[in-house]
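Thanks for making time this morning. I will go through one structure, and you can stop me with questions along the way.

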Amino acid sequence: MRLWPFGVVIISAAVAAALLAPWLAPYPPGEQNLTAINQAPSVEHWFGTDPLGRDVLSRMMYALRTDLALVVPAAGIPLLLGGLIGGAAAYVGGIFDTGVRWALDVFQGMPAYVLLVALVAVLGNGASSLLIAFTLMGWIVYARIARTEVRRVREDNYVLAAYLSGTPRMLVFFRHVIPNSRAQLMAYFVTDMGMALQIIAGLSFFGLGVSQETPELGAMIADARLYIQTNLWLGLFPGVALVLLGLSMASIGDAMRERRR
Amino acid sequence: MLEVDSLSVTYGSRRERRAAVPAVDDVTFRVDRGQIVGLVGESGCGKTSIARAIVGAVPVGSGVISLDGHRLGPRRSSAERRRIQMVFQDPGTSLDPRLTVARTLAWAASPGLRAGDIADETVADLLRQVGLPPEVAGERPAKLSGGQRQRVAVARALAAEPDVVIADEVVSSLDVSAAGAVLDLLRMISTELGAGVLFISHDLSVVRNLCHRTIVMYRGQVVEQAPTADLFEKPGHPYTRALIDSVPSVERRTTGPVLRDDDARADDAAATGCRFRPRCALATHECATDQPALVGPAHQVRCHHAWTTALEEA
């Protein structure tokens, strides 16, 4: 069954909710109402309230802002860096390619997730250390994909024809090779955003992600775990949102990968 | 104009190259202005390697490629590259699938960053030259037929105003009428534009009708080279005769079984003697020990038994 259209709808809704949070959110994300704590979903508070009386829906919308704003660069910077390094290596060939291949093999042997957690722990909390860790560990897969794709595309005759037309080699790379190599990269990019979302939420759950007071899905789930017996709603909505977003990105990524031109 | 002198091409790493049989071995020929030269031979004989070496896409092992006496090295300037254009066998990968025809042609006409300067006029002119309607300009390759794509590929080659056009099996994947149209374009390129054409093919009947000179290759070497009429009238090499005999013809005159089907042994023959020996019905002791040289002024043949037919032998 084709699931990706549902994925597109869910992602679009999440992006809209995140972008429009300041206008759509029924309450400010930090506003405490101590007269209405730990409430179940109701007309005033659709997703209920937390132990400080904050509106869960509003906090989730702002959490989506935080998470999506992290997820795009967490996958995007490795995409650009790895894509360029791997693509250029395959295009230029020679010693440069050999060097990149070695580097890829070395990095490939490392347990990415463990190192990522370690890096964040060493670098400290916050968005920038998350992005540094994701870039260091994430560029490898992109470089690998780019290398494979570029090696295929550069043998296509239109690449030689463009070169024979007198186009500088660099321009041939950006005009013909990259655009025709990027489909698989973009497919992985979407899948990778889904994985990055889970990892960021996971790190925040452990308190390694963004700072405590920032609304974030993983942190919300972490806060909710103390109340799992008294207020199930608290963790349910952020958890479901996280799972749906991850599945959506995975299904879109799969659909993109399987699409052949 | 285009001169290929003692060209050799060997593939593989440096170590592999030392032992390997060259894909192209000591090939010499020239293509003059307005001339169509045919290059024939079975697949794997080195035709495409020659083409790619001429345009600088594969490294030249030894030998010299020059245009009007100007030597072309492995690193070529934009202007040098534009003088030799290539049209490819597979129209499927010869055009960038993401680009419209207009964009492809505009970029070919002006390869720098300022392709925006190229007027629609130029694109329309190119399309007119290859007999395509102007509406094609807005299409992407997926919407075009094989024949149309091949014509766009020819137009792209013409956009560079080349001195030489290399056509590598350009009609082998086209149906008869589309092929005829593309062949007419090649004639037009040689007569009206005065460019030289190197026509690579395995189809002798096409070569016979199109080319002024014909070069026959076997396992990387030129085995016969002559004005086309001469070559088809009195083929000197047994391989050429076999090729000609394999073309269906009404007034067939058979010359006996020249070609033995013996591919497996052919590889071993490379080291000494004549490369064609394992498949040759005329082979003698001499053919096993001495590699024949390519001899003759206008009609050159590489064979110890040139112009000997099997029937006479018997």
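**Domains, chains and the core**

The domain assignment splits chain B into domain 1, covering 32-48 + 75-233, and domain 2, covering 235-314. Please keep in mind that this is a predicted model.

I will start with the contact between those two domains. Domain 1 of chain B puts in 16 residues and domain 2 of chain B puts in 18 residues. On the domain 1 side, helix 8, strand 9, strand 10 and helix 9 of chain B each give two or more residues. Which of them gives the largest share of that side? That is strand 10 of chain B, with seven residues. By type, the domain 1 side divides into 10 nonpolar, three polar and three charged residues.

From domain 2, I will pick out helix 10 of chain B, residues 238-246. Its buried residues are Pro238(B), Tyr239(B), Thr240(B), Arg241(B) and Leu243(B). They pack against helix 8 (204-210), strand 9 (213-218), strand 10 (221-227) and helix 9 (228-233) of chain B, and also against strand 3 (36-40) of that chain.

Next, the contact between the chains. Here 22 residues come from chain B and 16 residues from chain A. On the chain B side, the elements with two or more residues are helix 3 (78-83), strand 6 (84-87) and helix 4 (101-109). Helix 3 of chain B has the largest share, four residues. The chain B side divides into 12 nonpolar, four polar and six charged residues.

Now the core. The largest nonpolar core has 155 residues. Among those with the most contacts inside it are Ile200(A), Leu105(B) and Phe199(B). Its largest share, 16 residues, comes from helix 3 of chain A, residues 56-92. Why does this core lie between the two domains of chain B? Because domain 1 and domain 2 of chain B both give residues to it.

To take one of those core residues, Leu105(B) is in contact with Val123(B), Leu126(B), Ala155(B), Arg156(B) and Ala159(B), leaving aside neighbours within four places in sequence.

Last, back to helix 3 of chain A. Two packed helices are described by the angle between their axes and the distance between the axes. The axes of helix 3 of chain A and helix 6 of chain A, residues 127-153, come within 5 Å and cross at roughly 40°. The crossing of these two chain A helices is right-handed. Residues in this contact of helix 3 with helix 6 of chain A divide into 24 nonpolar, six polar and three charged.

That is the end of my part.

Terms used. Residues numbered from 1 in each chain as written. Chains lettered and ligands numbered in written order. Predicted model: local features only at pLDDT ≥ 70, side-chain atom pairs only at ≥ 80, totals over all residues. Core = buried A, V, L, I, M, F, W, Y, C linked by C-beta atoms within 7 Å. Buried ≥ 20, exposed ≤ 12 C-beta atoms within 10 Å, placed from the backbone. Domains from an automatic or database assignment. Contact = placed C-beta atoms within 7 Å. Nonpolar A, V, L, I, M, F, W, Y, C, P; charged D, E, K, R; others polar. Axes fitted to C-alpha atoms, helices over the stretch in contact; angles between N-to-C directions. Left-handed = near helix turned anticlockwise from the far one by under 90°.
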